[in-house]
Amino acid sequence: MIAWMPRSHDTAEALLERVRKEYRELPTLNLTFAQACGLWQLEPCECKAVLDRLIAEGVLKRTAEGLFVNDARQLA
């Protein structure tokens, strides 16, 4: 369980699933932190929590350039 709740009616788990789905449906999606905040209309602290959680789960990874991308191990 994560310690924050998004400001909308979505639950934290629903938000996480929405982001997972975006990356599943668009496997070449690569976003900067600012782009991710804008795409999902999240405050920076919310977005950081989501991205950190998905990195911890192995869904995403952060490149040396700072982009958040699908972790290729999850695509196989």
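Which strands does α3 lie across, and at about what angle does α3 run to β2? Keep that in mind as you open the viewer; the answer comes at the third stop.

**Before you start**

This is a predicted model, where local features need pLDDT of at least 70 and side-chain atom pairs count only at pLDDT 80 or more, while totals for chains, interfaces and linings use all residues. Residues are numbered from 1 along each chain as its sequence is written, and side-chain values use heavy atoms, with hydrogens and water left out.

**Stop 1: the whole chain**

Show the chain as a cartoon. You should find three helices and three strands, in the pattern α-β-α-α-β-β when read along the sequence. Here helices (H or I, at least four residues) and strands (E, at least two) are DSSP runs, numbered from the N terminus.

Now switch on the surface. The accessible surface of the chain comes to about 4,800 Å², and 57% of this belongs to carbon and sulfur atoms; such areas come from the Shrake-Rupley method with a 1.4 Å probe, and for residues only the protein chains shown count as cover. Of the 76 residues, 38% count as buried. Buried means under 20% relative accessible area, exposed means over 50%, and partly exposed is in between (1.4 Å probe, protein chains only).

**Stop 2: the sheet**

Select β1 (30–31), β2 (60–62) and β3 (68–70). The three strands form an open sheet in the order β1-β3-β2, with antiparallel pairing. At the edges are β1 and β2, each of which pairs on one side only. Two strands pair if DSSP finds at least two bridges between them. Between β2 and β3 there are three bridges, in the antiparallel sense. To see one of them, pick Arg-62, whose bridge partner in β3 is Phe-68. Strands of a sheet pair through backbone hydrogen bonds, either parallel or antiparallel.

**Stop 3: helices across the sheet**

Add α3 (44–56) to the view. Here is the answer to the opening question: α3 lies across β2 and β3, and runs at about 110° to β2. Then add α1 (12–25). This helix lies across β1, β2 and β3, at about 65° to β3. The axes are lines fitted to C-alpha atoms, for helices over the stretch in contact, and angles run from 0 to 180 degrees between N-to-C directions.

**Stop 4: the nonpolar core**

Which residues have the most contacts inside the largest nonpolar core? Select Val-19, Tyr-23, Trp-40, Val-50 and Leu-54, out of the 17 residues in that core. The elements that give two or more residues to this core are α1, α2 (33–39) and α3. A nonpolar core is a set of buried Ala, Val, Leu, Ile, Met, Phe, Trp, Tyr and Cys residues joined through side-chain atoms within 4.5 Å. In soluble globular proteins, nonpolar side chains tend to be buried together.

Zoom in on Leu-54. Not counting residues up to four places away in sequence, Leu-54 touches Leu-16, Val-19, Arg-20, Val-59 and Leu-60. Contact means heavy atoms within 4.5 Å.

**Stop 5: Cys-47 and its surroundings**

Is Cys-47, in helix α3, buried or exposed? Cys-47 counts as buried because its relative accessible area is 0%. Leaving aside neighbours within four places in sequence, Cys-47 is in contact with Phe-33, Ala-36, Cys-37 and Leu-42. Draw a C-alpha to C-alpha distance from Cys-47 to Cys-37: the two are ten residues apart in sequence and 5.7 Å apart in space.

Next, select Ala-34 in helix α2. Ala-34 counts as exposed because its relative accessible area is 59%.

**Stop 6: Asn-70**

Move to Asn-70 in strand β3. With 10% relative accessibility, Asn-70 counts as buried. Its side chain reaches the backbone oxygen of Tyr-23 at 2.7 Å, and that of Pro-27 at 3.4 Å. These are polar contacts: pairs of N or O atoms within 3.5 Å where, within protein, one must be able to donate a hydrogen and the other to accept it, and residues adjacent in sequence count only if both atoms are side-chain atoms.

**Stop 7: two last picks**

Asp-52 lies in helix α3 and counts as partly exposed, at 37% relative accessibility. A polar contact of 2.5 Å joins the side chains of Asp-52 and Lys-48.

Finish at Gln-41, in the loop between α2 and α3. Gln-41 counts as exposed, at 61% relative accessibility, and its phi is near 50°, a positive value in a residue other than glycine.
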